[in-house]
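Colleague: I'm new to reading models like this one. Could you pick a single part, take me through it closely, and then show me what surrounds it along the chain?

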Amino acid sequence: MSHEFPTGIFKCDPSFPIVIERGFKAEVWSSDGRRFLDFSGAATSLGQTHPKVVSSIKEGVEKLTGFSGLLAPNEPFIKLGEELSKLVPVEGASIAYATTGSEASDFAIQLAKYSTKRSVILSFYGAYHGLTGYSLMSSPTEGMRRVPPRISETVFSPYPNCFKCPFPASDCEDCSQ
Ligand SMILES: Cc1ncc(COP(=O)(O)O)c(C=O)c1O
């Protein structure tokens with residue numbers, strides 16, 4: 001397999017030219033058959049393809065592939081919340097679900113900004129927090145990003161929807177909104 005990676009915001013380290021094919025517990029194998037100890041662990045601390053994890057994922061997606069927990073919770077969603085509450089027994093604590101480390105970092109930064117009412121984030125050289133909004137902004141590793149590191153202010157606007165116009169008093173023919 002080619003080691004030419006597509007260019008996106010993520011730049012793969014050229015000094016590490018392997019393609020990972022499969023993994024089991026603490027080991028991974030490259031497409032050319034070499035075996036490596038997986039120290040990349042990072043967000044996936046459960047190891048690779050553990051049978052219990054795999055069967056649990058299979059069982060879950062066979063029942064329900066995806067439904068927003070914001071609309072209605074599902075059983076595993078509730079059970080996970082209960083288990084997490086036991087681990088962090090803080091009175092009145094809320095739980096935020098995230099699917100990636102980047103998402104968790106984003107949320108943690110938003111929460112920190114909200115609770116401290118401060119806007120500046122201090123991050124450390126060599127740190128890596130992810131590839132989404134705030135998490136990317138607080139990851140100083142130049143090689144990791146090709147997009148500007150700062151999030152600019154957001155301006156909110158209604159959708160330009162003439163069928164459900166947010167400006168009912170306006171005339172569509174001469175709409176200046
Ligand atoms: C400390 C830390 N934060 C955030 C991330 C980003 O996680 P993800 O790749 O799941 O978005 C990682 C991933 O390696 C990480 O190690």
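Modeller: Let's start with contacts: among those in the protein with a separation of 6 or more, 34% are between residues 24 or more positions apart. Keep in mind that this is a predicted model. Buried residues make up 7% of the 177 residues. The protein has four helices and three strands, and along the sequence they come in the pattern β-β-β-α-α-α-α. The part I'd like to zoom in on is the sheet.

That sheet is open, with three strands in the order 1-2-3 and antiparallel pairing. Which strands stand at its edges? They are strand 1 and strand 3; each has a single partner strand, so one side of each is left without a neighbour in the sheet. On average, neighbouring strands here are turned by 30° against each other, if you ignore direction. As general background, strands of a sheet pair through backbone hydrogen bonds, either parallel or antiparallel.

Now for the pairs themselves. Strand 1 (20-24) and strand 2 (27-30) run antiparallel and are joined by four bridges. You can find two of the partnerships yourself: Phe 24 has Glu 27 of strand 2 as its bridge partner, while Gly 23 is partnered by Val 28. Follow Val 28 across to strand 3 and you'll find that it also stands opposite Phe 36. Next to that, Trp 29 stands opposite Arg 35 in strand 3. Strand 2 and strand 3 are antiparallel too, with three bridges between them.

How does the chain get from one strand to the next? The hairpin of strand 1 and strand 2 has two residues between the strands, and Lys 25 takes a positive phi there, near 50°. That's worth a second look, since Lys 25 is not a glycine. Most residues other than glycine have a negative phi. Is Lys 25 buried or exposed? The cut-off for exposed is 12 or fewer C-beta neighbours within 10 Å; Lys 25 has 12, so it counts as exposed. In the hairpin of strand 2 and strand 3, there are four residues between the strands, and Gly 33 has a positive phi near 85°.

After the sheet comes the loop between strand 3 (35-37) and helix 1 (51-63). Ser 40 is found in this loop, and it counts as exposed because it has 11 C-beta neighbours inside 10 Å. Although Ser 40 and Ala 26 are 14 residues apart along the chain, their C-alpha atoms are separated by 9.7 Å. Further along this loop is Thr 49, another residue other than glycine with a positive phi, near 40°. With 13 C-beta neighbours inside 10 Å, Thr 49 counts as partly exposed.

Then the helices begin. Helix 1 has 13 residues, and its end C-alpha atoms are 18 Å apart, which agrees with the 18 Å expected at 1.5 Å a residue. None of those residues is buried, so helix 1 lies largely in the open. Helix 2 (residues 75-87) also has 13 residues; it reaches 19 Å from its first C-alpha to its last, close to the expected 18 Å. Helix 2 is hardly covered, with a count of zero buried residues.

Helix 3 (residues 101-116) has 16 residues, and its end C-alpha atoms are 22 Å apart, in agreement with the span it should have. Where do you find buried residues in it? Ser 102, Ser 105 and Asp 106 are buried. Seen down the axis of helix 3, its buried residues fall within an arc of 100°, so they line one face. The general rule behind such a pattern is that an α-helix has 3.6 residues a turn, so residues three or four places apart point the same way. Helix 4 (133-137) is included in what covers the buried residues of helix 3. On the other side of helix 3, Leu 111, Tyr 114 and Ser 115 are exposed. Lys 117 follows helix 3, with a positive phi near 60°.

Notes:
Residues are numbered from 1 along each chain as its sequence is written. This is a predicted model: local features need pLDDT of at least 70, side-chain atom pairs count only at pLDDT 80 or more; totals for chains, interfaces and linings use all residues. The expected span of a helix is 1.5 Å times one less than its number of residues. A residue is buried if 20 or more other C-beta atoms lie within 10 Å of its own, exposed if 12 or fewer, and partly exposed in between; C-beta atoms are placed from the backbone. Two strands pair if DSSP finds at least two bridges between them. Two residues are in contact if their C-beta atoms, placed from the backbone, lie within 7 Å. The arc is that of the directions from the helix axis to the C-beta atoms. Axes are lines fitted to C-alpha atoms, for helices over the stretch in contact, and angles run from 0 to 180 degrees between N-to-C directions.
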